[in-house]
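Take a look at the fold below. We will go through its aromatic rings, then its strands.

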Amino acid sequence: MKTYNVGIIGATGMVGQRFITLLENHPWFKVTLLAASSRSAGKTYGDLMASRWVMAKPMPEAVKPLVIMDAVADVDKIAAAVDFVFCAVDMPKAEIKALEERYAKAECPVISNNSANRHTPDVPMIIPEINPEHAEVIEAQRARLGTKRGFIAVKSNCSIQSYVPALHPLTGFGVSKVLACTYQAISGAGKTFETWPEMVDNVIPFIGGEEEKSEQEPLKVWGKIVDGTIVDAVSPLITTQCIRVPASDGHMAAVFASFDKKPSIDEIKAIWRDYKGEAQRLELPSAPKQFLHYFEEDNRPQTRLDRDLENAMAISVGRLRPDTHYDVKFVSLSHNTVRGAAGGGVLMAELLCAKGYI
């Protein structure tokens, strides 16, 4: 596999920092360019971020001397300097959508962590173990944009990656309705306990826009390509409630599901154990060897113990049992800024490189 020169747009934020740590020593991708707002442009990354670095892992030495470029003013220069970009900017949604399209039209593929283009019909929203075939819509998107190389691909909302991966292998039984309550870490809001002391010893029962995303986005992930667009699935019926909890990282979900053809508990566990997606078949560098890990202990998975499983790219599942109103219920967990954000973006980029789209 060739080495790809990559840029990170929005490199100063929490997800941008996570991209930097995940890409250190990546076998395929080399970070050669960082961009952020005009306020940060012109400064070296090491100088600017010395007091703003929030990752537990130290800032990689290789990025410290990089001079930050202006993500908006320098689109053409950035596009010409890299093979593709990861985008994790903090801007109004309409501005993000326009900016990502500018990069794509400048013939620079965009792997986006933002929500702005998630419901653009010809923009694939890919979880590599679930819907890798959605990459095929890129050719229709390129035709619309008038590009040869440039396109936009997005990762899904971090909350759905705590429970959709566990439901997906069961779709053969006809998942008919789902109730999911998510318990989401503060890093999902770009915060730490130092910057958000109100979250210490506290639970907030509202996360703006999160329930709508959690109910709608799975239907696009499970949708089908029809005439160059992704048409959302019409089932299952999904209802969610999203709650902010005092955990630094890790989104947990309490899930209730019913089926057209009810599987047994043992069948579900066996399917989870044996399930492999395209990321595992291709042995992509960031892919977990075991996508879904089931814990038999009553008190697992736990956020602090299990969020980092397989470099924080695996999904942890437990407490599967019958329910009185739905067919089954279980608990599942993912690392929201790795699998649910930057790591999911890196894995999607690996898939698109392996498939020849980049």
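Start with a group of rings. Tyr-4, Phe-19, Trp-28, Phe-29, Phe-84 and Phe-86 make up one aromatic cluster. Keep in mind that this is a predicted model. One ring of the cluster, Tyr-4, also has a charge over it: the charged end of Lys-2 sits there, 4.8 Å from the ring centre.

Now follow the strands. Strand β1 covers residues 4-9, and strand β2 covers residues 29-36. The two pair in the parallel sense, over 6 bridges. Pick out Ile-8 to see the register: its bridge partner in β2 is Leu-34.

These strands belong to an open sheet of 6 strands. Read across it, the order is β3-β2-β1-β4-β5-β6, and the pairing is parallel. Where does the sheet end on each side? The edge strands are β3 (69-70) and β6 (152-154), and each pairs on one side only.

A helix covers part of this sheet. Helix α12, residues 338-354, lies across β1, β2, β4, β5 and β6. In sequence, β4 spans 84-87 and β5 spans 110-112. The helix runs at about 155° to β4.

Back to the rings. How many aromatic pairs does a search of the whole structure find? The search gives 13. One of them joins Tyr-45 and Trp-53. Their centres are 6.4 Å apart, with 85° between the planes. That angle makes the pair edge-to-face, because planes over 60 degrees apart count as such. Are these two residues buried or exposed? Tyr-45 has 0% relative accessibility, so it counts as buried. Trp-53 has 17%, so it counts as buried too.

A second pair to find is Phe-256 with Tyr-326. The ring centres lie 6.0 Å apart and the planes meet at 50°, so this pair is tilted. Where do the two residues sit in the chain? Phe-256 is in strand β11 (residues 251-259). Tyr-326 is in the loop between β13 (315-322) and β14 (328-334). The pair therefore ties together parts that are 70 residues apart in sequence.

Check the burial of this pair as well. Phe-256 is partly exposed, at a relative accessible area of 23%. Tyr-326 is buried, at 17%. The cut-off explains the two labels, because buried means under 20%.

Finally, look at the face of the Tyr-326 ring. The charged end of Lys-177 sits over this ring, 4.8 Å from its centre. Tyr-326 thus has both a ring partner, Phe-256, and a lysine charge over its ring.

How values were computed: Residues are numbered from 1 along each chain as its sequence is written. This is a predicted model: local features need pLDDT of at least 70, side-chain atom pairs count only at pLDDT 80 or more; totals for chains, interfaces and linings use all residues. Side-chain values use heavy atoms; hydrogens and water are left out. Rings of Phe, Tyr and Trp (its six-membered ring) pair if their centres lie within 6.5 Å; planes under 30 degrees apart count as stacked, over 60 as edge-to-face and the rest as tilted. Buried means under 20% relative accessible area, exposed over 50%, partly exposed in between (1.4 Å probe, protein chains only). Helices (H or I, at least four residues) and strands (E, at least two) are DSSP runs, numbered from the N terminus. A charge sits over a ring if NZ of Lys or CZ of Arg is within 6 Å of the ring centre and within 35 degrees of the ring normal. Two strands pair if DSSP finds at least two bridges between them. Contact means heavy atoms within 4.5 Å. Axes are lines fitted to C-alpha atoms, for helices over the stretch in contact, and angles run from 0 to 180 degrees between N-to-C directions.
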